[in-house]
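Biologist: Please take a close look at one part of this model for me, namely the salt bridges, and place them within the chain as a whole. I am new to this, so begin with the term I will need in order to follow you.

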Amino acid sequence: MKKYIITAVFSLFSIISISAQSKSDAQVSKLYQNYITIKTALASDDADKTSKAASEFIKTTSAIDYKVVSEGNLNVLRKDATAISDARSIAAQRETFSNLSDNMIALTKEFKLSGKSVFVQYCPMADASWLSNEKQIANPYYGSSMLTCGSVKSEIK
C-alpha cells in the first residue's frame with residue numbers, strides 16, 4: 001500500500017510539473033511571437049511597425065512570471081525592447097535588435113518556444129544573428145537593401 005501511495009504522489013508531481021512547463025512554454029512562446037513581429041517589421045524597413053511590435057513585446061515580458069524566466073533576464077529583454085520602441089530611426093532599432101536577438105537565442109535554448117523548428121540565422125555583413133520561423137532568409141538588419149543576405153546557422157527543435 002505504501003508503494004502505491006508513493007507512486008501516486010510522484011505521478012501527481014509529474015502532472016503538476018508538466019502542466020507548469022506547458023504554461024511557461026505558452027508565456028514564453030507569446031514572447032517569441034512578439035519577437036518575430038519585430039523581426040518582420042525590421043525586414044520590411046518599417047520603423048513605426050517595429051516600434052509598435054517592441055511595445056507589445058514589453059507588455060508580454062510584464063506578464064511572464066519570474067518563476068518561469070528570471071527577473072534579471074526579463075529586465076534585459078525589456079531594456080532592449082524599450083530601446084527599440086523608443087528609437088525613431090530604423091538604423092537605431094536594428095542596432096539594438098542584435099542585443100535582443102542574442103538574448104532571445106539564449107532563451108530559446110532553455111524553452112520550447114514553438115511547436116515547429118526555430119532557425120538561428122546569421123548575417124555576416126551585420127555580424128549578427130536572429131531567430132526565424134522559416135529557413136528562408138528575411139534579413140532584419142538590412143531589410144530590402146539586402147533582404148536575402150545571410151544563412152541558417154542552426155535549427156532548434
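Modeller: A residue is called buried when its relative accessible area is under 20%, exposed when that area is over 50%, and partly exposed when it falls in between. Glu56, with a relative accessibility of 37%, is therefore partly exposed. Please keep in mind throughout that this is a predicted model, and that the mean pLDDT of the chain is 85, with 84% of the residues reaching 70 or more.

Glu56 takes part in a salt bridge with Lys59, in which the closest N and O atoms are 3.2 Å apart. Lys59 and Glu56 both belong to helix α2, and because they are 3 residues apart there, about one helical turn separates them. Lys59 itself has a relative accessible area of 54%, so this residue counts as exposed, whereas its partner Glu56 is partly exposed.

Side chains of opposite charge can pair when their charged atoms come close. The count for this model comes to 2 salt bridges, and the other one joins the side chains of Arg94 and Asp45, with 2.5 Å from N to O. Arg94 lies in helix α4 (residues 90–110), while Asp45 is in the loop between α1 and α2, so this pair ties together parts that are 49 residues apart in sequence. Arg94 has a relative accessibility of 12% and so counts as buried, whereas Asp45, at 32%, is partly exposed.

Helix α2 (residues 47–63) also holds Thr61, which is worth a look for its surroundings. Thr61 counts as buried, because its relative accessibility is 0%. A polar atom of the Thr61 side chain lies 2.6 Å from the backbone oxygen of Ile58, and the Thr61 side chain makes a polar contact with the side chain of Arg78 as well, at 3.1 Å. Leaving aside residues up to four places away in sequence, Thr61 touches Leu31, Leu74, Leu77 and Arg78.

To place these pairs in the wider chain, it helps to know that the chain has 4 helices and 3 strands, and that from the N terminus on the order is α-α-α-α-β-β-β. Of the 157 residues, 43% count as buried, and residues 24 or more positions apart account for 62% of the contacts with a separation of 6 or more. Among the strands, β1 (residues 118–123) is largely enclosed by the rest of the structure, because 5 of its 6 residues are buried. Strand β1 runs antiparallel to β3 (residues 151–156), to which 5 bridges join it, and it also pairs with β2 in the antiparallel sense over 5 bridges.

A final caution concerns confidence, which is lowest in helix α1 (residues 2–43), at a mean of 63, and highest in strand β2 (residues 128–132), at 97. Over residues 2–24 the pLDDT stays under 50, and for this stretch the model has 3 contacts beyond four places in sequence.

Terms used:
Residues numbered from 1 in each chain as written. Predicted model: local features only at pLDDT ≥ 70, side-chain atom pairs only at ≥ 80, totals over all residues. Heavy atoms only, no water. pLDDT = per-residue confidence, 0-100. Helix = DSSP H or I, 4+ residues; strand = E, 2+ residues; numbered from the N terminus. Contact = heavy atoms within 4.5 Å. Buried < 20%, exposed > 50% of the residue type's maximum accessible area, 1.4 Å probe, protein only. Pairing = 2+ DSSP bridges. Polar contact = N/O pair within 3.5 Å; in protein donor to acceptor, adjacent residues only side chain to side chain. Salt bridge = Lys/Arg side-chain N within 4 Å of Asp/Glu carboxyl O.
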